[in-house]
Each structure stands twice: as C-alpha cells, then as structure tokens.
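Visitor: I would like a close look at one single part of this chain, told slowly enough for someone in the first year of study. Please begin with the part itself and then work outwards to its surroundings.

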Amino acid sequence: MAGLSCANPPVAVDRGMLQPAVALAAWTFVMWLWMYATRLPAIRRQGLKLDPAVPPKDLMAALPANVRWKADNYNHLWEQPTIFYPIVIIAALLPGTGAADLGLAWAFVALRVAHSVWQATINAIEVRFVLFALSSLVLLALVVRTWVALLA
C-alpha cells in the first residue's frame with residue numbers, strides 16, 4: 001500500500017519471546033497424535049460403534065482410563081494456554097519485556113509439558129494439581145509483568 005504513512009514507527013518484535021508459544025503449539029500436536037495413537041486402537045479393541053446419536057462423552061467413557069487421559073490432557077491444552085498465547089504475543093511487541101519474561105514463558109511451557117506427560121501416563125491427581133498450580137502462578141506472573149510493561 002504505497003503512499004500510506006504511519007504516525008508511529010514499525011514495532012520491533014522480540015522473536016525469541018514467540019518461541020515458547022510455537023513450542024507449546026507443537027506440543028499440543030504431539031498430544032493430539034498421542035491421543036489418536038491410543039484412542040483409535042482402543043476403539044477397535046472395544047468394538048465401539050461410533051454412533052452420532054450417542055453423546056461423544058458417553059462413547060469415550062467405555063474406553064480405558066489411561067486412553068481417556070490423553071484426550072483429557074489434549075482438551076486442557078485448549079484451556080489455560082488460550083491466555084498464554086496472546087500474552088506472549090503482546091510481550092513480544094512490548095519494549096519493556098526481557099529475559100525474565102522469556103524465562104517465565106519457557107517455564108510455563110515446561111510445566112505444561114510435564115503436566116501433559118504426567119496426566120497421560122500416571123495421572124496421580126495430587127501431583128497433577130501441583131504442576132497445574134505452578135504453571136498457573138507462572139502464567140499469572142507473566143500476565144502481571146506484561147501488563148506492567150504495557151502500562152509503562
């Protein structure tokens with residue numbers, strides 16, 4: 001769009017700050033693959049008939065718990081990370097963010113991956129809760145730091 005001028009200069013993007021978001025998105029697809037790699041064989045073993053008249057939750061309830069855990073975690077990766085993705089993008093656009101924010105972003109990703117692996121394999125709820133709570137606190141810290149940088 002030649003001829004258009006902009007009152008503000010272009011915004012610099014901290015591409016490093018975007019890497020944790022891409023890593024978590026990639027991890028979500030790892031869980032997606034793991035979910036179907038266990039779910040489809042289990043459906044065949046159980047002889048389940050995929051009937052559109054039966055609610056999906058009812059169909060999947062017939063599967064073994066360790067198969068359902070992968071799907072449960074895949075669904076969890078569509079919940080709290082929906083806060084993480086825009087915050088990381090905002091932080092990447094702000095001049096007031098830095099190494100501490102990048103560390104928080106990577107810590108959130110690491111805790112979510114640990115949460116996924118734990119839930120998909122062992123699923124002891126007490127440990128899973130601790131991983132979730134820690135990741136929530138890390139995300140809260142990142143949100144607060146990004147908000148402060150935005151207001152600066």
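Visitor: In which helix is T121 found?

Guide: T121 is found in helix α5, where a helix is a DSSP run of H or I with at least four residues, a strand is a run of E with at least two, and both are numbered from the N terminus. Before going further, please keep in mind that this is a predicted model, in which local features need pLDDT of at least 70 and side-chain atom pairs count only at pLDDT 80 or more, while totals for chains, interfaces and linings use all residues. Residues are numbered from 1 along each chain as its sequence is written, and side-chain values use heavy atoms, with hydrogens and water left out.

Helix α5 covers residues 99-121. T121 counts as partly exposed because its relative accessibility is 41%; by the rule used here, buried means under 20% relative accessible area, exposed means over 50%, and partly exposed lies in between, with a 1.4 Å probe and protein chains only. If neighbours within four places in sequence are left aside, T121 is in contact with W34 and W69, contact meaning heavy atoms within 4.5 Å. By residue number, W34 falls in α1 (15-46) and W69 in α3 (65-76). P81, by comparison, is 40 residues from T121 in sequence, and the two C-alpha atoms are 21 Å apart in space.

Past α5 comes a loop that leads to α6, and N123 lies in it. Although N123 is not a glycine, it has a positive phi of about 60°. N123 counts as buried, because its relative accessibility is 12%.

Helix α6 holds W147, which counts as exposed because its relative accessibility is 55%. In sequence W147 and L94 are 53 residues apart, and in space their C-alpha atoms are 10.0 Å apart. I83, in helix α4, is partly exposed because its relative accessible area is 42%. I83 touches L139 and V143, if residues up to four places away in sequence are not counted, and from C-alpha to C-alpha I83 and L139 are 8.2 Å apart although 56 residues separate them in sequence.

Now we can turn to the interior. In soluble globular proteins, nonpolar side chains tend to be buried together. Here the largest nonpolar core has 24 residues, and M17, F84, V88 and L142 have the most contacts inside it; such a core is a set of buried Ala, Val, Leu, Ile, Met, Phe, Trp, Tyr and Cys residues joined through side-chain atoms within 4.5 Å. Helix α5 is among the elements that give two or more residues to this core, together with α1, α3, α4 and α6. Apart from it lies another core, of seven residues, including I43 and V67. L142, again leaving aside neighbours within four places, is in contact with residues that include M17, F84 and L104.

Finally, to place α5 in the whole, the chain has six helices and zero strands. Of its 152 residues, 36% are buried. Among contacts with a separation of 6 or more, 78% join residues 24 or more positions apart. The C-alpha trace spans about 65 × 45 × 20 Å along its principal axes.
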